[in-house]
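Biologist: I am a first-year student, and I would like to see how one residue can serve as a starting point for reading a whole model. Please choose a single residue, look closely at its surroundings, and follow the links outward from there.

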Amino acid sequence: MDTAHTLPAHTIPALPFGLMAEFEDPNALVAAAKQTYEAGYRNIDTFSPYPIEAAWEAIGQHDRRLSKIVLGGGLTGLLTGLALQEWVHQVAYPINIAGKPLNSWPQFVPVIFELTILFAAISAVLGMIVLNGLPQPYHPVFNVPRFAHASRDRFFLLVESTDPKFNRTTTLDFLKGLNPSEVNEVEP
């Protein structure tokens, strides 16, 4: 084995997971997210104590999968309710009451409505869990001590090292130019 071209592991600098800037208010986070996206960074994320739709849009996220999952769940509930009642009234227990037809749809409306709402709600909860990647007991941003404030009173912008434009020094200088209160390196 040729060891002349092999460097010891301690001489190769490890690439961080990314760089994270901390902001004190949501408006500063949204402005920084817009500037970061406009500068060409794409593997970015924001963290805040509450959802900020403007920050989500500022980083170019237009994910509409959850609404499609909920729609699918609602339609499944509607069809399940309709099929269940058609089967009950026409196949399992066909009882003629006061000469009404066996498939009298107005009486089906309450059950169809309830099953539509039930299936849509269950789809929303399960879709959120799956799309958010939960449960996620560990994420590299948890290594930053100040990140504990993300659930209380601070706002964070993360640029991941997997971004094609990421360079440790230029990205650090760029983030410092956004006037954050602090910039931290996120260890993997």
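Modeller: A residue is called buried when its relative accessible area is under 20%, exposed when it is over 50%, and partly exposed in between, with a 1.4 Å probe and protein chains only. What we are reading is a predicted model, in which local features need pLDDT of at least 70 and side-chain atom pairs count only at pLDDT 80 or more, while totals for chains, interfaces and linings use all residues. Residues are numbered from 1 along each chain as its sequence is written, and side-chain values use heavy atoms, with hydrogens and water left out.

My choice is Phe47, which belongs to strand S2 (residues 44-47); helices (H or I, at least four residues) and strands (E, at least two) are DSSP runs, numbered from the N terminus. With a relative accessibility of 17%, Phe47 falls in the buried class. If we set aside neighbours within four places in sequence, the residues in contact with Phe47 include Met20, Leu29, Val141, Phe147, Arg154 and Phe156, where contact means heavy atoms within 4.5 Å.

A useful next step is Leu157, which is 110 residues away from Phe47 along the chain, although the two C-alpha atoms are separated by 6.5 Å. Not counting residues up to four places away in sequence, Leu157 has contacts of its own, among them Leu19, Met20, Phe23, Leu29, Thr46, Leu175 and Leu178. Leu157 is also one of the residues that touch the most other members of the largest nonpolar core, a group of 19 residues in which Phe23, Leu29 and Val159 stand out in this way too. Here a nonpolar core is a set of buried Ala, Val, Leu, Ile, Met, Phe, Trp, Tyr and Cys residues joined through side-chain atoms within 4.5 Å. Two or more residues of this core come from each of S1, helix H1 (26-38), helix H2 (53-58) and S3, and H1 gives the most, with four. There is also a second, separate core of ten residues, which includes Phe17, Met20, Phe147 and Phe156. In soluble globular proteins, nonpolar side chains tend to be buried together.

Charged residues enter the picture as well, for Arg154, which Phe47 contacts, is part of a network of salt bridges that also links Glu22, Arg146, Asp153 and Glu182. A salt bridge is a side-chain nitrogen of Lys or Arg within 4 Å of a carboxyl oxygen of Asp or Glu. Asp153 pairs with Arg154, their closest N and O atoms being 4.0 Å apart, and Asp153 is partly exposed at 35% relative accessible area. In another pair, Arg146 meets Glu22 with 2.7 Å between the closest N and O atoms. Because Arg146 lies in the loop between helix H4 (109-131) and strand S3 (155-160), and Glu22 in strand S1 (residues 18-23), this pair ties together parts that are 124 residues apart in sequence. The two partners have unlike settings: Arg146 is partly exposed, at 27%, whereas Glu22 is buried, with 0% relative accessibility. Over the whole structure, the search finds six salt bridges.
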